[in-house]
Amino acid sequence: MLKVDNLKVTVEGKDILRGVNLNVGEKEFHVIMGPNGSGKSTLALTIAGHPRYTVVDGGIFFNGEDITEIPANERVKKGIFLAFQHPEEVEGVKIMEFLQTILNKVKGMDLADAYDRITERLKEVWFREDILKRFINVGFSGGERKRFEILQALLMEPKLLILDEPDSGVDIDSLSVISMKIEELYRRGTSILLITHYGRILQHLDPSILKVHIMKDGEIVMSGSGELVSEIERRGFQKIFEECGCDE
Ligand code: ADP
Ligand code: MG
């Protein structure tokens, strides 16, 4: 479904991704781990179409179509949704209006149906209806920000859900509901590309469904099954890089 082919990306003239190859099939659950600065967020944002990232070589294909050059909102319509590592505050935009607008634009729902869907689903990620009158992420805790990203994913039901560190900066209770909802979306047919630095969230997920990749210096240097996660936790990235000769 998603094919990232020899993707090279620069940011403000600096080489960040140095030839990433990745295939995510239908109903697959992929995990990308890697040290800080290895290019995980760059990969996520480039797949989602963030204009700051310049593709200088290779490409991104979605269901066979080359989407390397199309704008971010077109990618959302095709079913790609990115939950941000650092969701930003949007002063002046109320959550209900925002969610109704995206359901209308992306799913073609009328405002009344959208309203019903939103009030129904927000409880699943522990929000009360009074949240809907507030501005996006303004005054939100880390856990609330990440749960709001998950709420958007639940509403969008994307074909491909990319999650950039949904486990960073969240309390343990938020983490359990976030991981439960991600796994639920996966079971209902969404493909997942989950980025995590600590792997904390992976303790809440069934390891037998995971395909794990490790990034280092803008490349995927190793791929394996869910067992790779416990190896990383036991030994750390550095030891693994030394052994595979990925350090040269
Ligand atoms: P990760 O998510 O794995 O921690 P990033 O993709 O955020 O890594 O960053 C990879 C590298 O790209 C880092 O060296 C970072 O400093 C650089 N980088 C990322 N975004 C920008 C940006 N907007 N401007 C300049 N450098 C950036
Ligand atoms: Mg990052």
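Let's start with I201 and the residues around it. Leaving aside neighbours within four places in sequence, I201 is in contact with P166, D167, L175, I178, S179, I182, L194 and T196. Please keep in mind that we are looking at a predicted model. Where along the chain does I201 sit? You'll find I201 in the loop between strand 10, residues 191-195, and strand 11, residues 210-216. Although I201 belongs to a loop, this residue is buried, with a relative accessible area of 0%. If you'd like a sense of distance, pick out D116, which is 85 residues away from I201 along the chain. The C-alpha atoms of that pair are separated by 30 Å.

Now on to helix 4, which runs over residues 111-121. Look at the start of this helix: a side-chain oxygen of D110 reaches to within 3.1 Å of the backbone nitrogen of A112. Which residues of helix 4 are buried? They are A114, I118, T119 and R121. The buried residues of helix 4 pack against three other helices that you can pick out on the screen: helix 3 (95-107), helix 5 (142-156) and helix 6 (172-187). A quick reminder about helices in general: an α-helix has 3.6 residues a turn, so residues three or four places apart point the same way.

Let's zoom in on one member of that group, T119. Its relative accessible area is 9%, so T119 is buried. Beyond its neighbours within four places in sequence, T119 is in contact with M96, E129 and L132.

Follow the chain past helix 4 and you come to W126, in the loop between helix 4 and strand 8 (135-136). W126 is partly exposed, with a relative accessible area of 46%. What can we say about the backbone here? Phi of W126 is near 65 degrees, a positive value in a residue other than glycine. For context, most residues other than glycine have a negative phi.

There is another residue like this to show you, and that is K27. K27 has a positive phi of about 55 degrees although it is not a glycine. You'll see K27 in the loop between strand 2 and strand 3. Is K27 buried or exposed? With 54% relative accessibility, and the cut-off for exposed being over 50%, K27 counts as exposed.

Stepping into strand 3, residues 29-33, we meet H30. In contrast to K27, which is exposed, H30 counts as buried, at 3% relative accessibility. Not counting residues up to four places away in sequence, H30 touches L22, N23, V24, G25, I192, L193, L194, K211 and H213. You may remember L194, because that residue is also on the list of contacts of I201.

Next, the ligand. How many residues surround ligand 1? There are 14, and the closest are I16, G37, K40, S41 and T42. Three of these deserve a closer look. A backbone N or O atom of G37 lies 2.8 Å from an oxygen atom of ligand 1. For K40, the side chain is involved: one of its N or O atoms is 2.8 Å from an oxygen atom of ligand 1. S41 brings a backbone N or O atom to 2.9 Å from an oxygen atom of ligand 1. Taken alone, ligand 1 exposes 560 Å², and the protein buries 70% of that.

Which elements build the shell around the ligand? Strand 2 (14-24) and helix 1 (40-48) each supply at least two residues, and helix 1 gives the most, with three. Sorted by class, the shell has four nonpolar, six polar and four charged residues.

Let's stay with helix 1 for a moment. Eight of its nine residues are buried, so helix 1 is largely enclosed by the rest of the structure. Those buried residues are K40, T42, L43, A44, L45, T46, I47 and A48. Just after helix 1 comes G49, with a positive phi near 95 degrees.

One last stop, the cysteines. The structure holds one disulfide, and C244 and C246 form it, with their sulfur atoms 1.8 Å apart. What about their surroundings? C244 counts as partly exposed, at 34% relative accessibility, whereas C246 counts as buried, at 18%. The cut-off for buried is under 20%, so C246 falls on the buried side at 18%.

Definitions and conventions:
Residues are numbered from 1 along each chain as its sequence is written. Chains are lettered from A and ligands numbered from 1 in the order in which they are written. This is a predicted model: local features need pLDDT of at least 70, side-chain atom pairs count only at pLDDT 80 or more; totals for chains, interfaces and linings use all residues. Side-chain values use heavy atoms; hydrogens and water are left out. A residue is near a molecule or strand if one of its heavy atoms lies within 4 Å of it. A polar contact is a pair of N or O atoms within 3.5 Å; within protein, one must be able to donate a hydrogen and the other to accept it, and residues adjacent in sequence count only if both atoms are side-chain atoms. Accessible areas come from the Shrake-Rupley method with a 1.4 Å probe; for residues, only the protein chains shown count as cover. Helices (H or I, at least four residues) and strands (E, at least two) are DSSP runs, numbered from the N terminus. Ala, Val, Leu, Ile, Met, Phe, Trp, Tyr, Cys and Pro count as nonpolar, Asp, Glu, Lys and Arg as charged, and the others, Gly among them, as polar. A disulfide is a pair of cysteine sulfur atoms within 2.5 Å. Buried means under 20% relative accessible area, exposed over 50%, partly exposed in between (1.4 Å probe, protein chains only). Contact means heavy atoms within 4.5 Å.
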